[in-house]
Amino acid sequence: IFLWQSSGTHFFAFAAGMAPPTLIAACCLAGFTFLAFRPRSLQLHALQGPLEVRWPLLALSAACFAPFILLADLRHAPLALLFTALLFAVSFRRVFLRLDWPLLVVFMLMFVDLRLVGSLPWIRDLLARFDLRQPLTLYLSGAALSQAISNVPSTILLAGYSGDWRSLAWGVDIGGFGLAIGSLASLIALRLGRQPGSLRAFHLWSLPFLLLTLALTGVWLVVVGGG
């Protein structure tokens with residue numbers, strides 16, 4: 001979302017630009033799923049009780065999606081956010097009580113702090129040693145840095161050193177695999193799962209997955225994309 005907005009690229013063009021790494025990762029995921037699970041019949045169990053669906057809330061959310069994307073694509077993201085927030089505040093104000101506000105604050109602080117960190121002289125000198133104008137270098141830098149500070153902070157930090165949103169987006173997208181810290185989504189999923197040995201099992205699959213998708217997407221970037 002950050003690169004989509006900061007690059008000035010329209011929504012469908014951005015989505016099309018992200019298609020190659022998405023398709024590569026999807027194919028690799030299908031292969032890893034085949035290797036990870038033995039072929040056996042699915043055992044379906046009935047739910048203990050009826051699944052509650054709040055249809056009015058679902059309908060409002062679905063109705064707001066397309067207008068939100070359209071306004072954001074026209075570079076009116078604050079207006080889209082305000083409009084959506086007001087609708088939910090009037091109709092379903094209790095939804096705001098269930099939001100993960102600390103996580104939202106963390107994301108906001110990331111944008112502020114990492115912009116400031118990226119402007120520090122020693123950070124600028126360090127990144128200047130790498131030719132981030134080269135698509136492959138930017139791609140690999142995004143993936144590697146994600147393994148240390150996660151892919152969202154990596155995006156924010158590197159975006160000020162190159163206007164090549166595609167190579168950066170591909171790098172941090174693939175960089176979300178590998179180590180658990182590569183993506184906040186992985187950390188959240190592991191925290192919610194709370195299963196013994198889950199961290200070890202996660203990395204037994206995620207690290208090979210990172211290496212494979214990184215190599216295949218890099219080849220695509222160089223051969224097809226001209227990187």
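Which residues are exposed on the other side of H11? In this predicted model, the exposed residues on that other side of H11 are Ala185 and Leu192, and they may be set against the residues of the helix that are hidden from the surroundings. Helix H11 comprises residues 184-193, and its buried residues are Leu184, Ser186 and Leu190. When the helix is viewed down its axis, these buried residues fall within an arc of 160°, so they line one face of H11.

The chain to which this helix belongs contains twelve helices and zero strands, and the order of elements from the N terminus onward is accordingly written α-α-α-α-α-α-α-α-α-α-α-α. Along its principal axes, the C-alpha trace of the chain spans about 60 × 50 × 35 Å. The chain has 227 residues, of which 32% count as buried, and it exposes about 15,100 Å² of area, with carbon and sulfur atoms supplying 72% of this exposed area. Among the contacts in the chain with a separation of 6 or more, 76% are accounted for by residues that stand 24 or more positions apart.

Helix H5 can be described in greater detail. The helix is made up of 15 residues, 77-91, which at 1.5 Å a residue should span 21 Å; because the C-alpha atoms at its ends are 21 Å apart, the model agrees with this expectation. Within H5, the residues Ala80, Thr84 and Phe88 are buried. Seen down the axis of H5, the buried residues fall within an arc of 55°, so they line one face of the helix. The spacing of such residues can be understood from the geometry of helices: an α-helix has 3.6 residues a turn, so residues three or four places apart point the same way. The buried residues of H5 pack against helix H4, which covers residues 55-73, whereas the face of H5 that is turned away from the buried side carries Pro78 and Val90, both of which are exposed.

The loop between H4 and H5 contains Arg75, a residue whose backbone deserves separate mention. The phi angle of Arg75 is near 65°, which is a positive value in a residue other than glycine. With a relative accessible area of 30%, Arg75 is partly exposed. A positive phi in a residue other than glycine is also found at Ser150, where the angle is near 80°. Ser150 is placed in the loop between H8 and helix H9, the latter formed by residues 151-159. The relative accessible area of Ser150 is 2%, and this residue is therefore buried.

The N terminus provides an example of residues that are separated along the chain and whose positions in space can be compared. Ile1 belongs to the segment before helix H1, which is formed by residues 2-7, and with a relative accessibility of 77% Ile1 counts as exposed. Although Ile1 and Ala72 are 71 residues apart along the chain, a distance of 9.6 Å separates their C-alpha atoms.

On the surface, a nonpolar patch is formed by Leu136, Leu140, Val219, Trp220, Val222, Val223 and Val224, which together have about 610 Å² of accessible area. The elements giving two or more residues to this nonpolar patch are helix H8, residues 135-149, and helix H12, residues 198-223. Of the contributing elements, H12 gives the most, with four residues. Trp220, one of the residues of the patch, has its place in helix H12. Its relative accessible area is 37%, so Trp220 is partly exposed.

Charged side chains were examined as well, and the structure holds one salt bridge. In this salt bridge the side chains of Asp131 and Arg133 meet, with a distance of 3.1 Å from N to O. The two partners can be described separately by their accessibility: Asp131 is partly exposed, with a relative accessible area of 31%, while Arg133, at 71% relative accessibility, counts as exposed.

How values were computed. Residues numbered from 1 in each chain as written. Predicted model: local features only at pLDDT ≥ 70, side-chain atom pairs only at ≥ 80, totals over all residues. Heavy atoms only, no water. Expected span 1.5 Å × (residues − 1). Buried < 20%, exposed > 50% of the residue type's maximum accessible area, 1.4 Å probe, protein only. Arc of directions from axis to C-beta. Contact = heavy atoms within 4.5 Å. Patch = residues over 30% accessible without salt bridge, like charges linked within 9 Å, V, L, I, M, F, W, Y side chains within 5 Å. Areas by Shrake-Rupley, 256 points an atom, 1.4 Å probe, with all protein chains shown as cover. Salt bridge = Lys/Arg side-chain N within 4 Å of Asp/Glu carboxyl O.
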